[in-house]
Amino acid sequence: MLQGPHVLGYDKPLIRLSFTSCVVGTVSLPLLGLITCIFISSVFHFQDSTDTHCKVTNYLPSISASISLSPECHIWRFCIGLHSAPRFLVAVAYFNFYKGRFSTRFLEWLLSCLNFMCAITENFGLLLLTYVSSNETYLVHKEGFVLFIASSVIHMVLTCRLWLVIKKYSLIPEDVKSFHWKIRCLILNIAFCCLAAYFYWKHNMYCEQGSYTFFALFEYCVVFSNMAFHLTAFWDFKSREMVVISPEEGKDF
């Protein structure tokens, strides 16, 4: 829970952690996991991870291929599973933050509810594509990927719209900085999505050598720009803390 007034009937905090540390740790888990999986696939499983139906030379494994092999899939599942709970917590924290800011603005309050739903479905989509690999059930993996991409883009667009209003009335420099970085990450993410989709189509349509490599490269960039967007929470909750507390002994509730 976020830091607040002492709750009656509860003992002293068991764990006290800055929210920024939680955000950095949450983003670092999938980042390090992805880099590790790509490295292992490129070094030890290069042929299997770059092979496609076109049978042309490729130089980079796609993310789906990287997280489908062993031990890469176990590393990725561990990192995503461990980071998923804090992701849900951050989504709730943002929803409460927007609810306090836009309690008298119906449109922004409605957008914050939709934004919260997209944050939840984005995390569910990531869990789905993680735990159902393309080698196991390709259709389910693909649906999880589409859900993740669609929800993440809508979530970023809605977040930027909400922070446009916050920036307009805020005198805090961190709010302005956060908004500008959110916009940059959104633009880059959409551009990378379009480029990845183009090279994926080009690879499947013409089987040109190098097209799949560029698809994989821009796929990495899509994920990295998404992570950078979520990292802007560093400024949004800079002064907040997460506190774990337990009920006092002998108290009945």
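**Exercises on contacts and bonds**

Let's start with a buried charge: arginine 87 has a relative accessible area of 13% and counts as buried (buried is under 20%, exposed over 50%, partly exposed in between, with a 1.4 Å probe on protein chains only).

The model you are working with is predicted, so local features need pLDDT of at least 70 and side-chain atom pairs count only at pLDDT 80 or more, while totals for chains, interfaces and linings use all residues. Residues are numbered from 1 along each chain as its sequence is written, and side-chain values use heavy atoms, leaving out hydrogens and water.

**Salt bridges**

Find the acidic partner of arginine 87 in a salt bridge, and say which helices the pair ties together.

Step one is the criterion: a side-chain nitrogen of Lys or Arg must lie within 4 Å of a carboxyl oxygen of Asp or Glu. By that rule the partner is glutamate 122, with the closest N and O atoms 3.3 Å apart. Glutamate 122 lies in helix α5 (residues 106-131) and arginine 87 in helix α4, so this salt bridge ties together parts that are 35 residues apart in sequence. Helices here are DSSP runs of H or I with at least four residues, and strands are runs of E with at least two, numbered from the N terminus. For the last step, check the burial of the acid: glutamate 122 has 0% relative accessibility and is buried.

Now work out how lysine 182 is paired, and where each partner lies.

Lysine 182 bridges to aspartate 236, their closest N and O atoms being 2.7 Å apart. Since lysine 182 belongs to helix α7 and aspartate 236 to helix α9 (residues 233-236), the pair ties together parts 54 residues apart in sequence. Next comes burial: lysine 182 is buried at 1%, and aspartate 236 is buried at 9%. To widen the view, salt bridges with shared partners join Arg105, Glu108 and Arg161 into one network. Searching the whole structure gives 7 salt bridges.

**A buried acid without a bridge**

Explore what surrounds glutamate 72, the residue that sits in helix α4 (residues 72-101).

First, look for opposite charge, counting Lys and Arg as positive and Asp and Glu as negative, without His or the chain ends. Glutamate 72 is buried but has no salt bridge, and the nearest side chain of opposite charge, arginine 77, is 11 Å away. Second, look for polar partners: its side chain makes a polar contact with the side chain of serine 41 at 2.8 Å. Such a contact is a pair of N or O atoms within 3.5 Å; within protein, one must be able to donate a hydrogen and the other to accept it, and residues adjacent in sequence count only if both atoms are side-chain atoms. Third, list the neighbours: leaving out residues up to four places away in sequence, glutamate 72 touches Cys37, Ile40, Ser41, His45 and Ser66, where contact means heavy atoms within 4.5 Å.

**Cysteines**

Decide which cysteines form a disulfide, and give its handedness.

A disulfide is a covalent bond between the sulfur atoms of two cysteines; here it is assigned when the two sulfurs are within 2.5 Å. This gives 1 disulfide. The sulfur atoms of cysteine 54 and cysteine 207 are 2.1 Å apart. Cysteine 54 lies in the loop between α2 (46-50) and α3 (63-66) and cysteine 207 in the loop between α7 (173-206) and α8 (211-231), so the bond ties together parts 153 residues apart in sequence. The torsion about the S-S bond is about -65 degrees, so the disulfide is left-handed. Cysteine 54 is buried at 12%, whereas cysteine 207 is partly exposed at 27%.

Then test a free candidate: the sulfur of cysteine 37 is 7.0 Å from the closest cysteine sulfur, in cysteine 79, too far for a bond. Likewise, the sulfur of cysteine 193 lies 6.8 Å from the closest cysteine sulfur, that of cysteine 194, again too far for a bond.

**Backbone geometry**

Inspect the backbone at lysine 55, cysteine 207 and proline 71.

Lysine 55 is not a glycine, yet its phi is positive, near 60 degrees. This lysine is exposed at 60% and forms a salt bridge with aspartate 51, the closest N and O atoms being 3.1 Å apart. Cysteine 207 has a positive phi too, about 55 degrees, although it is not a glycine. Finally, the peptide bond from serine 70 to proline 71 is cis, with omega near 15 degrees, and proline 71 is in the loop between α3 and α4.
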